[in-house]
Amino acid sequence: MAVQVKLDDLLHDNRMTLTELAERVDITIANLSILKTGKAKAIRFSTLEAICQELQCQPGDLLRYEES
């Protein structure tokens, strides 16, 4: 996979659990977990915006492109 999701690192840096983030951005834990593990095929801009707002980060802090 070329796009890596760095959600674990951001959660750790913000001392926040996946459950807490899910509640704050109004997304199911299951869907957030799919994103965290890199199995998501897409992400809505509104979801990305909400995650970035809660974690006080930029989209580039959450997603990283690596060549395969």
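**View 1. Long-range contacts across the whole chain.** Contacts between residues 24 or more positions apart make up 63% of the contacts in the protein chain that have a separation of 6 or more. Please keep in mind that this is a predicted model. Reading from the N terminus, you will meet the elements in the order β-α-α-α-α-α-β, a total of 5 helices and 2 strands. The radius of gyration is 11 Å, close to the 11 Å that the globule rule gives for 68 residues, so the protein chain is as compact as a globular protein of that length. The C-alpha trace spans about 35 × 20 × 20 Å along its principal axes.

**View 2. Surface and interior.** Here the topic is what the protein chain shows and what it hides. About 5,000 Å² of the protein chain is exposed, and 46% of that area is supplied by carbon and sulfur atoms. As for the interior, 26% of the 68 residues count as buried.

**View 3. Helix 4 and its cover.** Which residues of helix 4 are buried? Within this helix, which runs over residues 45-55, they are Leu48, Ala50, Ile51, Cys52 and Leu55. The cover over these buried residues includes helix 1 (7-13), helix 2 (18-25), helix 3 and helix 5 (59-62). Just after helix 4 comes Gln56, a residue worth a look in your torsion plot: its phi is positive, near 50°.

**View 4. The largest pocket.** For anyone who likes to explore pockets, the largest one has a volume of about 210 Å³. Its lining consists of Ile27, Asn31, Ile34, Leu35, Ala40, Ala42, Ile43, Arg44 and Thr47. Sorted by character, the lining residues divide into 6 nonpolar, 2 polar and 1 charged. Which element gives the largest share of this lining? That is helix 3 (residues 29-36), with 3 residues.

**View 5. Ile34, a lining residue in helix 3.** This close-up picks out Ile34, one of the residues that line the largest pocket and a member of helix 3. Is Ile34 buried, partly exposed or exposed? Its relative accessibility is 38%; since buried means under 20% and exposed means over 50%, Ile34 counts as partly exposed. Leaving aside residues up to four places away in sequence, Ile34 touches Lys39 and Ala40. Ala40 also belongs to the lining of the largest pocket.

Terms used
Residues are numbered from 1 along each chain as its sequence is written. This is a predicted model: local features need pLDDT of at least 70, side-chain atom pairs count only at pLDDT 80 or more; totals for chains, interfaces and linings use all residues. Side-chain values use heavy atoms; hydrogens and water are left out. On a 1 Å grid over the protein atoms alone, a cavity is a set of points where a 1.4 Å probe fits but cannot get out, and a pocket is an open set with protein on both sides within 12 Å along at least five of seven lines; lining residues have an atom within 4 Å of a point. Grid points are joined across faces, edges and corners, and a volume is the space filled by probe spheres set on the points. Helices (H or I, at least four residues) and strands (E, at least two) are DSSP runs, numbered from the N terminus. Ala, Val, Leu, Ile, Met, Phe, Trp, Tyr, Cys and Pro count as nonpolar, Asp, Glu, Lys and Arg as charged, and the others, Gly among them, as polar. The radius of gyration is taken over C-alpha atoms; the globule rule is 2.2 Å times the number of residues to the power 0.38. Buried means under 20% relative accessible area, exposed over 50%, partly exposed in between (1.4 Å probe, protein chains only). Contact means heavy atoms within 4.5 Å. Accessible areas come from the Shrake-Rupley method with a 1.4 Å probe; for residues, only the protein chains shown count as cover.
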